[in-house]
Amino acid sequence: MIEVTLRSTRGQTEPQAGEGRRMLVEKSTAMRGVQPGLLTKVPEVTLIFWVAKLGTTAFGEAFSDYVFFNDYIGRNAVILMAVALLAGCLIVQVATKRYIPVVYWLTVTAVSIFGTMSADYLNLNLGMPLWGSTVMLLGLQAVVFIAWYTSQKTLDMHSINTRPREVFYWLTVIFTFALGTAAGDFAAGPLGLGTLASTFVFLAVILLPAAGYRWLRFNEVFAFWFAYTITRPLGASFADWLGVPAPYGDGLHLGTGPMSLATGAVLVAVLALVITRHRSETARQNPLPEVG
């Protein structure tokens with residue numbers, strides 16, 4: 001919506017290009033009841049968005065398993081550290097007034113780590129069966145969606161430009177990560193699929209919203225959140241197949257430590273590309289005023 005506003009004003013006389021665009025955006029958001037100065041807080045949904053999302057998922061799964069099952073630290077201490085990391089990232093993210101790639105994707109990564117740990121903690125420390133945690137987390141995610149839509153009249157990922165919507169957005173993200181972990185472990189374990197077969201099952205499932213949106217006129221918001229939720233068990237199942245060591249894993253047994261380093265390196269490379277493209281796009285949309 002902001003991008004449309006900018007395009008519609010292109011070609012008009014402005015005292016300064018960047019300043020004029022900023023004033024127009026703030027005026028248009030204020031007319032819609034959006035908090036002044038607070039622009040959209042999430043990235044555009046493109047191919048690189050989904051690659052980055054899968055990268056955070058794979059890294060979060062591998063790193064969470066590496067530290068959560070580390071006997072030298074202890075599960076209670078680790079999950080408290082994950083909560084602290086997530087809280088710190090969310091505070092910084094909410095305090096910003098626009099989408100900042102480093103802040104946003106660091107927060108998603110923290111959610112990924114915490115989401116994996118929380119599902120494992122429910123199962124291993126609190127004794128909740130995987131089917132039970134899957135159903136519970138699915139119900140909690142539904143409650144957030146209902147409360148979000150009831151109060152804001154939208155679930156659109158492009159409308160994250162008020163504080164309440166941002167809170168609902170991050171609650172949804174947290175529950176999708178935890179739900180995805182529980183669902184992935186449930187499919188690989190109690191359902192007997194194993195991690196590799198689960199990977200292909202979730203790969204097939206994630207193609208449904210893509211195909212439905214393209215050919216069957218699926219609602220855009222529904223398709224987005226469907227795909228967003230499934231990326232978690234997809235990336236986690238594949239990471240588990242690669243990394244979980246014997247005798248606990250059924251894959252290549254490469255180890256969660258080496259996989260944390262490998263997926264972390266891939267994630268850093270992807271995010272470097274995201275940051276570079278964002279800076280280039282920002283410079284293109286907000287050129288420096290001519291001097292003289």
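Two residues are taken to be in contact when heavy atoms of each lie within 4.5 Å. By this criterion, and leaving aside residues up to four places away in sequence, Trp-105 touches Pro-43, Phe-49, Ala-52, Lys-53, Thr-56, Tyr-99, Leu-271 and Val-274. The model in which these contacts occur is a predicted one.

The secondary structure of the protein consists of ten helices and zero strands. Along the sequence, the order of elements is accordingly written α-α-α-α-α-α-α-α-α-α. The protein has 292 residues, and 48% of them count as buried. Contacts between residues at least 6 apart in sequence were also examined; 74% of these join residues at least 24 apart. The protein exposes an area of about 15,100 Å², of which carbon and sulfur atoms supply 69%.

Trp-105 also figures in the interior of the model. The largest nonpolar core comprises 48 residues, and Tyr-104, Trp-105, Tyr-169 and Trp-225 are those with the most contacts inside it. Two or more residues of this core come from each of α3, α4 (75–95), α5, α6 (130–152), α7, α9 and α10 (256–285). The greatest contribution is that of α7, which gives ten residues to the core. Another core lies apart from the largest one and has six residues, including Phe-202, Ile-206, Ala-227 and Ile-230.

The second largest pocket has a volume of about 700 Å³. Its lining is made up of 23 residues, of which Asp-65, Phe-69, Asp-240, Val-244 and Tyr-248 are the closest to the centre of the pocket. The elements giving two or more residues to this lining are α3 (47–68), α5 (101–125), α7 (163–188) and α9 (220–243). Helix α7 again contributes the most, here with five residues. By residue type, the lining of this pocket divides into eight nonpolar, nine polar and six charged residues.

Several features of the backbone occur in loops. In general, most residues other than glycine have a negative phi, and most peptide bonds are trans. In this model, a cis peptide bond joins Ala-246 and Pro-247, with omega at about 5°. Pro-247 belongs to the loop between α9 and α10. The loop between α9 and α10 also holds His-253, a residue that has a positive phi of about 55° although it is not a glycine. His-253 counts as partly exposed because its relative accessibility is 34%, which falls between the limits of 20% for buried and 50% for exposed residues.

A positive phi is likewise found at Lys-153, where the value is near 65° in a residue other than glycine. Lys-153 is located in the loop between α6 and α7. With a relative accessibility of 61%, Lys-153 counts as exposed, since the cut-off for that class is over 50%.

The loop between α6 and α7 includes Leu-155 as well. The C-alpha atom of Leu-155 is separated by 7.4 Å from that of Phe-145, a residue ten places away along the chain. With residues up to four places away in sequence not counted, Leu-155 touches Phe-145, Trp-148, Tyr-149, Val-221 and Trp-225. Of these partners, Trp-225 is one of the residues with the most contacts inside the largest nonpolar core.

Note on methods. Residues numbered from 1 in each chain as written. Predicted model: local features only at pLDDT ≥ 70, side-chain atom pairs only at ≥ 80, totals over all residues. Heavy atoms only, no water. Helix = DSSP H or I, 4+ residues; strand = E, 2+ residues; numbered from the N terminus. Buried < 20%, exposed > 50% of the residue type's maximum accessible area, 1.4 Å probe, protein only. Areas by Shrake-Rupley, 256 points an atom, 1.4 Å probe, with all protein chains shown as cover. 1 Å grid on protein atoms, 1.4 Å probe; cavity = no way out; pocket = protein on both sides within 12 Å on 5 of 7 lines; lining within 4 Å. Points joined across faces, edges and corners; volume = space filled by probe spheres on them. Nonpolar A, V, L, I, M, F, W, Y, C, P; charged D, E, K, R; others polar. Core = buried A, V, L, I, M, F, W, Y, C linked by side-chain atoms within 4.5 Å.
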